[in-house]
Amino acid sequence: MLDSILNFLLQLDLLIKLFFSILKFQNLFSKGNNSNGFWSKNFITGEIVQRGDSGVYSNGQIKTITLPIPFTNTNYIVIPINSNTITNNYYSYQPHAKTINNFKIRCQDQAGSSGGKVLWLAIGY
């Protein structure tokens, strides 16, 4: 009988440890969104991934993109992605002037027209 009780307590202890391990794992990541876009953060590595939509551009226009959450430094990368253009023109987007809270993107197209739309992805810490 004592062996059965000890075995039960050991199994209960393992279940409790497993339960708390699962709770800890759920708190390793955080994610959210606001009017500036979507974000996720890994609390183990500190890596932050953010994404958003900057809207439609005109040729030569520079837009300031406010990040959903600030990075801890300016050593993050920005990947602009051309999306939903209304012309067949080639568009080029150059991210620059990064701060922890925002960055700027300049749009250029070969024909000087408007209608380019850019999605962006930013990865950093």
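Which residues does phenylalanine 103 touch, not counting residues up to four places away in sequence? Let's work up to that and beyond, in five short exercises. The model is predicted, so local features need pLDDT of at least 70 and side-chain atom pairs count only at pLDDT 80 or more, while totals for chains, interfaces and linings use all residues. Residues are numbered from 1 along each chain as its sequence is written, and side-chain values use heavy atoms, with hydrogens and water left out.

**Exercise 1. List the surroundings of phenylalanine 103 and place this residue in the core.**

Step 1. Take contact to mean heavy atoms within 4.5 Å. Phenylalanine 103 then touches Lys63, Thr64, Ile65, Leu67, Tyr76, Val78, Pro95, His96, Ala97, Lys98 and Trp120, with residues up to four places away in sequence not counted.

Step 2. Now look for the core. A nonpolar core is a set of buried Ala, Val, Leu, Ile, Met, Phe, Trp, Tyr and Cys residues joined through side-chain atoms within 4.5 Å. Buried means under 20% relative accessible area, exposed means over 50%, and partly exposed lies in between (1.4 Å probe, protein chains only). The largest such core has 17 residues, and Phe103 and Ile105 touch the most other members.

Step 3. Assign the core to elements. Strand 3 (48-58), strand 6 (91-96), strand 7 (102-109) and strand 8 (114-124) each give two or more residues to this core. As background, nonpolar side chains tend to be buried together in soluble globular proteins.

**Exercise 2. Describe the overall fold in numbers.**

Step 1. Count elements as DSSP runs, numbered from the N terminus: helices are H or I with at least four residues, strands are E with at least two. The protein has one helix and eight strands, in the order α-β-β-β-β-β-β-β-β along the sequence.

Step 2. Check burial and range. Of the 125 residues, 26% are buried. Among contacts with a separation of 6 or more, 61% join residues 24 or more positions apart.

Step 3. Add the surface, using the Shrake-Rupley method with a 1.4 Å probe, where for residues only the protein chains shown count as cover. About 8,200 Å² is exposed, and carbon and sulfur atoms supply 59% of it.

**Exercise 3. Find and classify the aromatic pairs.**

Step 1. Set the rule. Rings of Phe, Tyr and Trp (its six-membered ring) pair if their centres lie within 6.5 Å; planes under 30 degrees apart count as stacked, over 60 as edge-to-face and the rest as tilted. The whole structure yields two pairs.

Step 2. Phenylalanine 71 and tyrosine 76 are stacked, at 4.3 Å centre to centre with 20° between the planes. Phenylalanine 71 counts as buried because its relative accessibility is 2%, and tyrosine 76 counts as buried because its relative accessibility is 2%.

Step 3. Phenylalanine 103 and tryptophan 120 are edge-to-face, at 5.5 Å centre to centre with 80° between the planes. This pair links distant parts of the chain, with phenylalanine 103 in strand 7 and tryptophan 120 in strand 8, 17 residues apart. Both phenylalanine 103 and tryptophan 120 are buried.

**Exercise 4. Look for charges over rings.**

Step 1. Require NZ of Lys or CZ of Arg within 6 Å of the ring centre and within 35 degrees of the ring normal.

Step 2. The charged end of lysine 98 sits over the ring of tyrosine 76, 4.9 Å from its centre. Arginine 51 lies over the face of phenylalanine 38, 4.3 Å from the ring centre.

**Exercise 5. Trace strand pairing and positive phi values.**

Step 1. Two strands pair if DSSP finds at least two bridges between them. Strand 4 and strand 7 run antiparallel and are joined by five bridges; lysine 63 has isoleucine 105 as its bridge partner in strand 7.

Step 2. Inspect the two faces of strand 4 (residues 62-66). Lys63 and Ile65 form the covered face, while Ile62, Thr64 and Thr66 form the uncovered one.

Step 3. Strand 2 (residues 37-42) pairs with strand 3 in the antiparallel sense over four bridges, and serine 40 stands opposite valine 49 in strand 3. Their hairpin has five residues between the strands, and glycine 46 there takes a positive phi near 85°.

Step 4. Compare alanine 97, in the loop between strand 6 and strand 7. Its phi is near 50°, a positive value in a residue other than glycine. Most residues other than glycine have a negative phi. Alanine 97 counts as partly exposed because its relative accessible area is 43%.
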